[in-house]
Each structure stands twice: as C-alpha cells, then as structure tokens.
Amino acid sequence: MRYKYKARLLSVLLLTLILSCSVLSTAASAESKSDATQSIWEKSGKDITVTSPSGEKREYHCYSQNIKGDYYYSTYGCITTAVSISASGFGKYVSPKQIHKGSSSSVYSEKYALKKIKAKYRKAAISLRLASQILTDMGIPNKRVNSFSANAAINEIRNHLEAGKPVIVKVSKKTYKGVHFTGGHHALVLIGLKGDTVVFVNPWGGKINHSSIGKVHKNINLTVPELVTKLMFSSKEHANSAYVSKPKDGGGYILVG
C-alpha cells in the first residue's frame, strides 16, 4: 500500500510539474508573440520572399501608406513607406509611422536623419536624400542617383535586382500601356525580376505589381527599360534638399544594399 501511495504521489507531482512547464511555455510564447506584434509586426501588408538569379532569398514586408484616417501618409508618405519596405529586406522592421513620428533622438527616424544633414523639419514628402540618410542610419549601404542617363540607369538597376537587392525609384504622372501610378510623383520599391518583368511593391496599398490610381491595374508587366524610359524621371535641381518642393525636382532612384 505504502509503495502504491508513493507511486501515486510521485505521479501527481510529475503531472503538476509538466502542466506548470506547459503553462509557462505557453505564456512565454504568447509574450514573445505579443512583443513581436508590438515591435516588429506592427505593419499593414503581407510578406513576400524573393529569390534572385544567384539563389539569394530576401523577405520583404509590404507596408502601406494608405493608413485610414491619416492624411499625411496618404498624401506624402510614399518615400517613407518605400524606406520601410526596403529596410525590411535587411531585417530592419521599422514602420512608416516610426520613421515619421519618431523624435530627433530616435535612431531610424526622419527627425534624427535631419540632424545629420543639418536640415529643418517640414510636413512634406521626404526626398531621396533624406531617405538615403535614414537607410544609412539603419546601417544599410545605399547609393542615391538623382540625375541619370537611361542606358546607365537600366544597366545599374537591372544588375542590382539580379544581385538580389532592392531599388527605390521615383515615377512620374505619365501613362504607359494604360498604366499610371500618380497624379504627380510617386515611389515604388523594385524587389526582383521575373524573366524580363520587374517585380515591385507599390507603397499605395502595399501591393505587388499593382496600381490603384484611376482604373485599378493588377499584375502590371513592365520591363526595366520601359520603367526607366517611360515612367521614371531625373532631378534637375535641388538634389540635396531634404524634402520635395516640386515634383520635377524629386526624381531619381536609390540602390539599396
């Protein structure tokens, strides 16, 4: 009897220990998931994994500038959102809100980058110069090109995509093949090539190869030469400004990584 009692007591104690560990493990998992939701996955779109011709894989999060009830992002937020999308491909998950609303002491914020380039804050669309500085502050190498020749840009952008790295480009209000992205100027994030077709994320809605300006266009097929020569544009002036004051001065691209 004494043996059976001890065995039963041991079984109860063992079961209690197992249940306690299970509860702790579940709580830890929930806490971890909660932390991730608040700090990393505070995002608005879906993830996409791109495999380059060299076999390198890179995962991006498709942030969206189309945030309900927020006039700033829907009007001025395309470049800020493009920075967030590009940075996610390097494991830096910083939302557009964190970039724009972060204080001057918050690394990766717009105001922090402004201190570096000694410029003043304006509630306007950030320029490629400021976007480049934010990426640099994140520790992500990048090359900003404001004025370009078509052939050089085509080769540079194509080579960068084939190497498995993203490119932020500015597109104009022009229409090509019935497709247009903006009534003024807008940013896209090129993340890869599918054959000759560019794979891109549109910050407006955070969607892949999609435009919702005017008639909704899905699965847009654009080659690098078509994109560069038909929709992209160079900055002729003010390449070193922190904000875009005139659309014609906001063109160019950033090779990220």
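## Helix α5 and its neighbours

Let's start with helix α5, which covers residues 110–117: its buried residues are Glu 110, Tyr 112, Ala 113, Leu 114 and Ile 117. Keep in mind as you look around that this is a predicted model.

What do those buried residues of α5 pack against? They sit against three helices, namely α2, α4 (96–101) and α6 (128–137). Once you step just past the end of α5, you meet Lys 118, which takes a positive phi of about 55°.

## The nonpolar cores

The largest nonpolar core is made up of 36 residues. Ile 79, Val 83, Ile 126, Leu 130, Ile 134, Met 138 and Ile 168 are the ones that touch the most other members. Helices α2, α3 (78–88), α5 and α6 each give two or more residues to this core, and so do the strands β5, β6 (197–202) and β10 (253–256). Which element gives the largest share of this core? That would be α3, with six residues.

Ile 126 is a handy residue to click on. Leaving out residues up to four places away in sequence, Ile 126 touches Tyr 72, Ile 79, Thr 80, Glu 110, Ala 131, Ile 134, Ala 242, Tyr 243 and Val 244. Glu 110 in that list is also one of the buried residues of α5. Apart from the largest core there's another one, with 25 residues, including Leu 190, Ile 220, Leu 231 and Leu 255.

## The largest pocket

Now for the open space. The largest pocket has a volume of about 240 Å³. It is lined by 16 residues, and the closest to its centre are Thr 75, Tyr 76, Cys 78, Thr 182 and His 185. Two elements, α2 (71–76) and β5 (185–194), give two or more residues to the lining of this pocket. Helix α2 gives the most, with three residues.

What is the lining like by residue class? In the largest pocket, eight lining residues are nonpolar, eight are polar and none is charged.

## Two closed cavities

Searching the whole structure turns up two cavities of 30 Å³ or more. The largest cavity holds about 80 Å³ of space. Of the 14 residues around it, Ser 127, His 238, Val 244, Asp 249 and Gly 250 lie nearest its centre. Val 244 is also one of the residues that Ile 126 touches. The lining of the largest cavity splits into four nonpolar, eight polar and two charged residues.

The second largest cavity comes in at about 40 Å³. Its lining is made of Val 50, Thr 51, Ser 52, Arg 58, Tyr 60, Leu 161, Gly 164, Ile 191 and Gly 192. Strands β1 (47–51), β2 (57–61) and β5 each give two or more residues to that lining. By class, you get four nonpolar, four polar and one charged.

## A look at the cysteines

How many disulfides are there? The count comes to zero. Two of the cysteines are worth a look for their surroundings. Why does Cys 62 count as buried? Its relative accessibility is 3%, and buried means under 20%, so Cys 62 falls inside the cut-off. Cys 78, with a relative accessible area of 7%, is buried too. You've already met Cys 78 among the residues closest to the centre of the largest pocket.

Methods:
Residues are numbered from 1 along each chain as its sequence is written. This is a predicted model: local features need pLDDT of at least 70, side-chain atom pairs count only at pLDDT 80 or more; totals for chains, interfaces and linings use all residues. Side-chain values use heavy atoms; hydrogens and water are left out. On a 1 Å grid over the protein atoms alone, a cavity is a set of points where a 1.4 Å probe fits but cannot get out, and a pocket is an open set with protein on both sides within 12 Å along at least five of seven lines; lining residues have an atom within 4 Å of a point. Grid points are joined across faces, edges and corners, and a volume is the space filled by probe spheres set on the points. Helices (H or I, at least four residues) and strands (E, at least two) are DSSP runs, numbered from the N terminus. Ala, Val, Leu, Ile, Met, Phe, Trp, Tyr, Cys and Pro count as nonpolar, Asp, Glu, Lys and Arg as charged, and the others, Gly among them, as polar. Buried means under 20% relative accessible area, exposed over 50%, partly exposed in between (1.4 Å probe, protein chains only). Contact means heavy atoms within 4.5 Å. A disulfide is a pair of cysteine sulfur atoms within 2.5 Å. A nonpolar core is a set of buried Ala, Val, Leu, Ile, Met, Phe, Trp, Tyr and Cys residues joined through side-chain atoms within 4.5 Å.
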